[in-house]
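Trainee: Could you take me through one part of this model in detail? I would like a close look at a single chain, with its strands, its helices and its charged pairs.

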Amino acid sequence: MITAIYKGSKESAGSMNAALKPRLRLRTPSEYAGWVLSIFVAIGILSSVLTNPNFRWEIVGKYFFAESILRGLMLTIFLTVASMALGTLLGLALAVMRSSHVKPVSIAASLYITLFRGTPVLVQLIFWFNIAALYPNLMIGIPFTDIGMAIDVNTLMGPITAALVGLTLNEAAYMAEIIRGGFSAVGKGQIEAADSLGMSAGTRMRKVIIPQAMPSIIPATGNQVIGMFKGTSLVSVLGVAELLQSAQLIYARTFETIPLLIVASLWYLVMTLLLSYPQSKLEQKYNRASSNLPRKAKAVQLTDPEGAAR
Amino acid sequence: MTTTPDGTIHVRNLRKSFGPKTVLKDINLDIASGEVACIIGPSGSGKSTLLRCLNGLETVDSGVLKVNGEDFGYQETEHAYHALSRKRLAEQRTRVGMVFQQFNLFPNMTAAENVMAGPVLVKRGDRKAAAKRAQELLTDVGLGQFGHHYPAQLSGGQQQRVAIARALAMNPEIILFDEPTSALDPEKVGEVLAVMKSLASKGMTMVVVTHEMGFAREVGDTVVFMDEGYIVERGDAREVLGNPQEPRTQSFLEKVL
């Protein structure tokens, strides 16, 4: 078939304006083989999913919007948002500390990062849940005096608190490295230019370094959010009734294990897809300064339109 | 000892090394107010390092460095020079403008915002007044139409002229130029040199590290020839370039002219 196109165009050479002849892409037999194979595999999987009664799709439909599942989803979203927000703030502080010229400060930050990245989140979560075994009472007060109050750690560190603390502290370590990576992507010349204008360290950070670090921080943070959303399923081991645990609670009762795991998986999938949309929007926003698309000038509109036409 | 900022630079026995490599050895230099001094020399001779010492981008190992009549970056006591706080150093730096080879405009700000960065973000001045002044400065460098453009939308020559406007916005007594035309294509060099020439005619103290011998001859008051960390020859621009006394200067100029 492919050779036929070649032969045909050769034979008719001269009968048609050569400049107007379409340029055709070469399709190899392996490309067609790939098509056929993929379609067969897809049909196989699809028919199995639809015909195997053990999937029990009617049960999936029944529980998809069940109240306890939705409540679990809300808790999962809350844990994701809260631990990402707190983790990012703490990560920013750690990143600043890590790039400090004061050696003990930067060593402290890098120790933290090593410790929290070097141990599994699951272990950290269980550890925080059981922290009362290590410190039964938390003293708040002035050190080396009697002024202060004791708090019972066991009541303070409930499952949700432990989940939040564990996820936040772990996330902070990863965010610190992402943010520090973004900082180091900002050129040395930018820092020198800010210094030569006499900018303070804070202004330099807020107006020069962070805006320029954003394009490399945002996509990585988006991945972290998506990872965190799925990672919250780990806190089910603490008995926190988030999405997975809510599904587990139902199938422990009804033994409809597979349909309920599908319910949970579908919700994770839906949320992950929803999250990737704002991420791509944010990426576009922070890429604007380096793109050639003019943006509407802010308060300072100083020029005639013909300037923009260039 | 403390005088009002006056646009002078005095350097005595200045030394600076990077690890084992000494890049500035016993530099002595005086630059008067309103003087245009061009520093020339082969690459690696320490010219850029000297310039960067003059506004504290590099620290000095030893020697006396007075900029605008003040000890720069340090405070002299009986036995030592004590480094100034970041805040005091920043204050001193606002009086010394710097123009970089790679422009170093802030890519996240428009041309006008770049020019306003100093007055608004550092001096905490009124934003409206700063915008007006930025427009005047951009017009002065021939870019009145380009205030709302981002650096990425400007040519190299235009970016460098914005960078000069940004340095001028702080009303410095001294402006340092670190090879301001080296990153430009030859066609655009002229527009930047024209801006620098008009600055010189207004009496700004300028220290220019450059390879543009034509500019040094035409606009420069003095030429400083550096080699291997020493100032080899210093004198009237036309004298040094036309009739160099030192053999090292002669051989350098023979190659570049």
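Mentor: Happy to; what follows is a walk through chain B, with a short look across to its partner at the end.

Please keep in mind that this is a predicted model. Chain B has an average pLDDT of 91, and 98% of its residues score at least 70. For the complex, the predictor reports an ipTM of 0.89 along with a pTM of 0.77.

Let us begin with the strands. Chain B has an open sheet of four strands, ordered S2-S1-S4-S5, and their pairing is antiparallel. Its edges are strand S2 (21-31) and strand S5 (70-71) of chain B, each of which pairs on one side only. Strand S1 (residues 9-18) of chain B is joined to S2(B) by seven bridges, and the two run antiparallel. To find this pairing in your viewer, pick B:Leu14, whose bridge partner in S2(B) is B:Ile27. As background, the strands of a sheet are held in pairs by backbone hydrogen bonds, and the pairing can be parallel or antiparallel.

The parallel kind turns up around strand S10 (residues 205-209) of chain B, where five of the five residues are buried. B:Thr205, B:Val207 and B:Val209 point one way from S10(B), while B:Met206 and B:Val208 point the other way, and all are buried. So which strands does S10(B) pair with? One is strand S3 (residues 36-40) of chain B, which runs parallel to S10(B) and is joined to it by four bridges. Within that pairing, B:Ile39 has B:Val209 as its bridge partner. Another is strand S9 (residues 174-178) of chain B, which pairs with S10(B) in the parallel sense over five bridges. There, B:Leu176 stands opposite B:Val207.

Next, the helix H5 (residues 156-168) of chain B. Its 13 residues should span 18 Å at 1.5 Å a residue, and the end C-alpha atoms are indeed 18 Å apart, so the expected and modelled spans agree. H5(B) is also mostly covered, with 12 of its 13 residues buried. The buried residues include B:Val162, B:Ile164 and B:Leu168, but also B:Gln158, B:Arg161 and B:Arg166. In the loop between helix H4 (127-140) and H5 of chain B you will find B:Phe146. B:Phe146 counts as buried because its relative accessibility is 9%. B:Phe146 is 36 residues from B:Thr110 in sequence, yet their C-alpha atoms are 8.8 Å apart in space.

Now for the charged pairs. Side chains of opposite charge can pair when their charged atoms come close. Over all chains, the structure holds 22 salt bridges. Here are three that involve chain B.

B:Asp227 forms a salt bridge with B:Arg248, with the closest N and O atoms 2.5 Å apart. B:Asp227 sits in strand S11 (residues 222-227) of chain B and B:Arg248 in helix H9 (residues 247-256) of chain B, so the pair ties together parts that are 21 residues apart in sequence. The two ends are covered to unlike degrees: B:Asp227 is buried at 11% relative accessibility, whereas B:Arg248 is partly exposed at 31%.

A local pair joins the side chains of B:Arg88 and B:Glu91, at 3.1 Å from N to O. Both lie in helix H2 of chain B, three residues apart, or about one turn of the helix. An α-helix has 3.6 residues a turn, so residues three or four places apart point the same way. B:Arg88 is partly exposed, with 33% relative accessibility, and B:Glu91 is partly exposed too, with 36%.

That helix also takes us across to chain A. B:Arg86 makes a salt bridge with A:Asp195, the closest N and O atoms being 3.3 Å apart. This pair crosses between chains, from helix H2 (residues 86-93) of chain B to helix H9 (residues 188-196) of chain A. B:Arg86 counts as partly exposed because its relative accessibility is 39%, while A:Asp195 is buried at 10%.

While you are looking at chain A, there is a network of salt bridges that links A:Arg98, A:Arg117, A:Glu177 and A:Arg180.

How values were computed. Residues are numbered from 1 along each chain as its sequence is written. Chains are lettered from A and ligands numbered from 1 in the order in which they are written. This is a predicted model: local features need pLDDT of at least 70, side-chain atom pairs count only at pLDDT 80 or more; totals for chains, interfaces and linings use all residues. Side-chain values use heavy atoms; hydrogens and water are left out. Two strands pair if DSSP finds at least two bridges between them. pLDDT is the predictor's confidence in each residue, from 0 to 100. The expected span of a helix is 1.5 Å times one less than its number of residues. Buried means under 20% relative accessible area, exposed over 50%, partly exposed in between (1.4 Å probe, protein chains only). A salt bridge is a side-chain nitrogen of Lys or Arg within 4 Å of a carboxyl oxygen of Asp or Glu.
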